[in-house]
Every structure is written in structure tokens, then in C-alpha cells.
Amino acid sequence: MQTQHYDVVIIGAGPAGSLAASLLHQGGRRVLVLEKEQFPRFSIGESLLPQSMVFLEQAGLLQNVEQHAEQLGFQFKNGAAFHRAGVDTQFDFTEKFTPGPGTTFQVKRALFDKTLADTAQQQGVEIRYQHSVQACQTSSERAQLTVLDTEGVAYQVNAEFVLDASGFGRVLPRLLQLEKSSEFAVRCSFFAHFNDKIDCDVFDRNKILITVHPEHHDIWYWLIPFSDGTASVGVVIDPVHLAGQDLDLCDDILQGYLAQDPNLARLLSQAEQIVPARKIQGYSADVTSLYGPRFALLGNAGEFLDPVFSSGVTIALRSAALIAPLVERYLAGEDVDFEIEYSQALKQGVNCFKTFVKAWYDQRFQDVIFHQQQDDTVKKMISSILAGYAWDESNPYVKQSERRLNVLAELCQSS
């Protein structure tokens, strides 16, 4: 069996994989990216957060996104709007506590991911599409992967380090038995793309719209407009609400739930569904460790929380930006404490997002954002987190997320 040698092998050419590959290539490392799909390919997670722009610019990947945004249907985004039982509220991400970009894009992920991967290739990164990792062995000396090429022929790749950016594929957690149950409840999401035909003066296409089900507040919808008049629309449901239903009837379930919210039904009254609805079930995931001998896990390959605040791509890019310089140092012979410098550093922001996700579903955070009398300073701090700046410990709602949010929720509930 043929054996090849690289400094770093990255599994997956999505945002985390492309970013890590770009940074390591710029550092002079010989990098190989193995991607089991052919790009462009569908992926969910279409509403980016402004914090992501920092990481893309750092790797030289942002210019092509901005240059081709209109051509690709990417929609300028400056915030998030929320609706519950006739009450509307919104957050403008340019009005936030943390310095940094306050705007970003809502993107069709197939085209967005391909743009990043193409840019990394233009920089000199080697990407092999339709090559799938079948086995991986790691030790203190090296990592060895068994790969199937496009013809189904196996070959081996030896690497000094492996990064798993395979997203929901979770290649290394599966192969190295790192999977563990998420602390989040199992939920289902049903979603599709529409020609939305929204003709409403009060609808802001520059913001994602998050809608709470009028009766069951643990059910919520997303409406993500794109600049070409289409939109991604989905609903997230606890399966307890779906008892007795055939979960493979995705179109019926999606359309049925969209009809249950008067505001969404009005906005989408002329909409035409343009692709069959899809389903993802039990998507929240976790692992026993984010790193090990000669490997680390990035983004969703490590832990995926919940799509409610669109944090997935931001966490993925943050993980890639954190790990790349650590791998550089490690390969240069320096001592690296991956627990403190990577795992704990990444989880600082992940845990902040986790606090707000939990509070969304138990309705503490819903009570906060729909409260009619909002303090401007506090709102800017919350806006920063919703914009992705969940690692800024100068923000009290990052540094003491649980305590601060509990106090705020109690104040909102009592007034």
C-alpha cells in the first residue's frame, strides 16, 4: 500500500478545515486536506456571526467572500430579530459591547464553503475531494491514516499531526471512540429553501428572524433571507411534539408547523418551496476530549450545541484559529499545553454559548430578550455574545454567564 508523508493532515474542507489549512500553509507547513464529498455540497448553518469575519480575514479568506457575495446570493447581515406571540424585538450587532466587526453575511453554505476551500487552494493548499478516511492510528511519534481515493483504492498517509474538521461526520470521534452523549436534549430540525416572495415593509432582510412557536415555547423557527430572493426556513422541535407522526414526511411536518405561527404564515404566504425538506435529528454531540496524541478536533467534530444562535461556524473557525499556531509550535519542538491553550481556551466561549442555549429552552433568555424595558448597556453586552464574541472576558455576561443571566432573568420576570 502506498504511503505518503505530510506535516499536517486535515479531515474535512469546510470552514474550519479551510481556515486551519490556510494558516498552517502560510506558516510553511506541508498540509493535506482530505474531503469525502465533492464541493459544492449542501450544508446547514447559513447565518454567520460577525466574530467569524475576524478569523476569515486573519487567514486571507475574507476578500473573496466579500468580493463575490452579491454574485453568490450572500445577504448582508447586521443583527438578529426575534418574534413571539405578536411581540417583536431585535439586536443590532453594530451596537455591541465588544470591539470588532458588527456585520457579516447570511450564506448558502455550499457556495460559501467552496469559496473558502477554493481560496485556500489558490494559496497553495492541497485538497483531495472524494477521499475518505477509513482508519486512524495515533501515537506519540506520528499519526497514520488509511484513506480511500475516488476509485476506492486504499493508501496510507503519515502525518506529524491530524486535525479533524469533519463536522457532523465526526471522523476521529468515531474511529478513536471519543464519542459521548450531549447534555442537550435530542431535537429534530426540518428545513428547506424557498423563493420567499416576502413583500412586507417591516421585514428586515439584513437580519435572521427567530420565531418562537405561539403555544410551545421550546419550538422555534429560523428564517434566513438571501440576497437573491430565496430564504432558508426551518423549525426545531422536541420529538415529544411529534409522537405518532412519520418523521420521514419532512415537507408535511415543515409546512404544518410554519402554518401554526400567524406571523410566519403571513410573511411566507406567497412563498414557493424550491427543494425537498430535509431532517436532522439528534444533532447535539460531545466528546471525551478535544485532543490526544498528535491530533485535535475542530468545531462540530468536537462538540455541537444547538443551531438557535448560529454559533456553529463561529466555534469552528475559532477552534481552527486557536489550534493552528499551537500545532506550529508543537511541530517546532516547543512544549504546548493543549488542555489549557486549546481545550480550555475554546470551551470558555463554548460554555458561554451553552449557558444561553440552555436559557433559551428553559425560557429564561426568552424572558430577557422579549422584556419591554431593556437597559442599553446590558443589551450591548448581550448583543456582543449573539454576534459571536463569546470569548471576550471583559464582558460580564461572558465571564459570569450563568450568574449574570440568572439575575437578569429574575429582574425581567419580576417587572
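Contact here means heavy atoms within 4.5 Å. The model analysed is predicted. By that criterion, the buried residues of helix α1 pack against three strands, β1 (3-11), β2 and β10 (154-164), and against the helices α2, α5 (109-123) and α9 (312-331).

Helix α1 covers residues 15-26. Its 12 residues span 16 Å from the first C-alpha to the last, close to the 16 Å expected at 1.5 Å a residue. Of these 12 residues, 10 are buried, so α1 is largely enclosed by the rest of the structure. The buried positions are P15, A16, G17, S18, L19, A20, A21, S22, L23 and L24. An α-helix has 3.6 residues a turn, so residues three or four places apart point the same way. Just after α1, G28 adopts a positive phi of about 95°.

Several residues of α1 recur in the surroundings of I10. With neighbours within four places in sequence left aside, I10 is in contact with G17, A20, A21 and L24. The other contacts of I10 under this condition are V31, L32, V33, L34, L163 and A165. I10 also belongs to the largest nonpolar core, which has 120 residues. Together with L163, Y342, W360 and F365, I10 is among the residues with the most contacts inside that core. A second core, separate from it, comprises 26 residues, including F203, L258, L267 and L268.

The structure contains three cavities of 30 Å³ or more. The largest encloses about 80 Å³ of space. Its lining consists of L49, K77, A80, F82, F93, I208, I210, V308, F309, S310 and L386. Strands β4 (79-84) and β13 (207-212) each supply at least two residues of this lining. By residue class, the lining of the largest cavity comprises nine nonpolar residues, one polar residue and one charged residue.

The second largest cavity has a volume of about 60 Å³. It is lined by L290, G299, E303, I315, L346, K347 and V350. Helix α10 (residues 338-361) provides the largest share of this lining, with three residues. Four residues of the lining of the second largest cavity are nonpolar, one is polar and two are charged.

Three further backbone features occur in loops. The peptide bond from F39 to P40 is cis, with omega near 0°. P40 is placed in the loop that runs between β2 (31-35) and α2 (51-58). A85 is not a glycine, yet has a positive phi of about 50°. This residue is situated in the loop between β4 and β5 (87-92). A85 is exposed, at a relative accessible area of 53%; the cut-off for this class is over 50%. K197, likewise not a glycine, has a positive phi of about 50°. The loop that holds K197 connects β12 (188-195) and β13. With a relative accessibility of 43%, K197 counts as partly exposed.

Methods
Residues numbered from 1 in each chain as written. Predicted model: local features only at pLDDT ≥ 70, side-chain atom pairs only at ≥ 80, totals over all residues. Heavy atoms only, no water. 1 Å grid on protein atoms, 1.4 Å probe; cavity = no way out; pocket = protein on both sides within 12 Å on 5 of 7 lines; lining within 4 Å. Points joined across faces, edges and corners; volume = space filled by probe spheres on them. Helix = DSSP H or I, 4+ residues; strand = E, 2+ residues; numbered from the N terminus. Nonpolar A, V, L, I, M, F, W, Y, C, P; charged D, E, K, R; others polar. Buried < 20%, exposed > 50% of the residue type's maximum accessible area, 1.4 Å probe, protein only. Expected span 1.5 Å × (residues − 1). Core = buried A, V, L, I, M, F, W, Y, C linked by side-chain atoms within 4.5 Å.
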